[in-house]
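The following note gathers comments for a colleague at the bench. The points are numbered for ease of reply.

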Amino acid sequence: MAIQVQPILAFKDNYIWCLINDETNHCIIVDPGEAKPVLGFLKRSNLSLDALFITHHHWDHTNGIKAILKDHSAPVFGPAKEKIAGVSNPVDEGDTVELNNWPITFKVLAIPGHTLGHIAYYGDNLLFCGDTLFSAGCGRLFEGTAEQMLDSLNKLSQLPDETQIYCGHEYTLNNLNFAQMLEPNNVHVKEYLERVRELRQKNLPSLPCTLSTERLVNPFLRCDKTEILSRVERHRGKKFDLPAEAFAYLRQWKNNYK
């Protein structure tokens, strides 16, 4: 059974992901921040909607739920620890999502940090992680602590190398520029940056990315590496006592990076 994942563009840089079962023309929509592009895509592609997956409560991931449900009847899975209008099936760490006639069972992973109840869906080496892990970056700490986000990223980094990462925004180019500033001699960053530049010049998504690549280029998965740690400590002017302190400083540095 062939599953393909297509991006639906929304707002300035959001990706709404559509998992399509080619054999049945049924689909799952992830994080529909906007209804119009989703409804248009479903109609053009003649798709039947089986479910909506929501990773966290931010409006640019949820605003389309109501209008989509007016046109389509489908369960809405979302984080049990967050209040989201329209969620019919709250889920949390340890839960699984199984849908009729779908070959994939999705595990739900709790990954707080960006928001307190943020979750991811993982199955068949596909990871839908909202705004927690980006290619060459991570989400801002809007509600959670640096410790929580670091734990969440460490949890995701334990997944298999071949895991395909589908995150919520097209931030890769900016993230890689920051990563290259941190590690100018990292050949993996240099090569990936060239590849992503080519894709973006053609207006193509940089995603999905693989976890094996992220381990080589993403500074937020590499905070314990000597090159990253020493660079961050030089910028701060003194050493860090705890890994979460170095992570928090790095995230703050990225917040102010243009």
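Does G64 count as buried or exposed? With a relative accessibility of 1%, G64 counts as buried, because the cut-off for that class is under 20%. The points below place this residue and several others in a model that is predicted.

1. Surroundings of G64. This glycine sits in the loop that links α2 (59-62) to α3 (65-71). Setting aside residues up to four places away in sequence, G64 touches P32, G33, E34 and A35. A further pair involves P37: G64 and P37 are 27 residues apart in sequence, and their C-alpha atoms are 9.4 Å apart in space.

2. Overall fold. The protein chain contains nine helices and 14 strands. Its radius of gyration is 18 Å, close to the 18 Å given by the globule rule for 258 residues, so the chain is as compact as a globular protein of that length. The C-alpha trace extends about 55 × 40 × 30 Å along its principal axes.

3. Packing and contacts. Of the 258 residues in the protein chain, 52% count as buried. Among contacts with a separation of 6 or more, 58% involve residues 24 or more positions apart.

4. Surface and charge. The exposed area of the protein chain is about 12100 Å², and carbon and sulfur atoms supply 48% of that area. The side chains include 27 positive and 31 negative ones. The centres of these two sets lie 8 Å apart.

5. Annotated domain. An unreviewed UniProt entry lists residues 14-169 under "domain: Metallo-beta-lactamase". Since such annotations may be inferred rather than shown by experiment, the label should be quoted as coming from that record. Within residues 14-169, the chain is 21% helix and 33% strand. The end C-alpha atoms of this stretch are 4 Å apart.

6. The cis peptide bond. Which residues does a cis peptide bond join? The bond lies between L207 and P208, with omega at about 5 degrees. P208 belongs to the loop between α6 (187-201) and β14 (209-210).

7. N203. The loop between α6 and β14 also holds N203. Phi of N203 is near 60 degrees, a positive value in a residue other than glycine. N203 counts as exposed because its relative accessibility is 62%, and the exposed class begins over 50%.

8. N125. A positive phi is also found at N125, where the angle is near 65 degrees and the residue is other than glycine. N125 lies in the loop between β9 (119-123) and β10 (126-130). Its relative accessibility is 24%, so N125 counts as partly exposed.

9. F240. Where does F240 lie? F240 is placed in the loop between α8 (226-236) and α9 (243-255). At 12% relative accessibility, F240 counts as buried. Leaving aside neighbours within four places in sequence, the contacts of F240 are L229, V232, E233, E245, A246 and Y249. F240 and S206 are 34 residues apart along the chain, and 33 Å separates their C-alpha atoms.

10. K70. Helix α3 includes K70. K70 has a relative accessible area of 67% and is therefore exposed. From K70 to R140 the C-alpha distance is 33 Å, for a sequence separation of 70 residues.

11. A80. Which residues does A80 touch, not counting those up to four places away in sequence? They are P90, V91 and D92. A80 occupies the loop between β5 (76-79) and β6 (89-91). Its relative accessibility is 45%, so A80 counts as partly exposed. A80 and N185 are 105 residues apart in sequence, with a C-alpha separation of 43 Å.

12. Points to check against the display. Two loop residues discussed above count as buried, namely G64 at 1% relative accessibility and F240 at 12%. The loop residue N203, at 62%, counts as exposed. The cis bond between L207 and P208 may be inspected in the loop between α6 and β14.

Note on methods
Residues numbered from 1 in each chain as written. Predicted model: local features only at pLDDT ≥ 70, side-chain atom pairs only at ≥ 80, totals over all residues. Heavy atoms only, no water. Helix = DSSP H or I, 4+ residues; strand = E, 2+ residues; numbered from the N terminus. Rg over C-alpha atoms; globule rule 2.2 N^0.38 Å. Buried < 20%, exposed > 50% of the residue type's maximum accessible area, 1.4 Å probe, protein only. Contact = heavy atoms within 4.5 Å. Areas by Shrake-Rupley, 256 points an atom, 1.4 Å probe, with all protein chains shown as cover. Lys, Arg positive; Asp, Glu negative; His and termini not counted. Charge placed at Lys NZ, Arg CZ, Asp CG, Glu CD.
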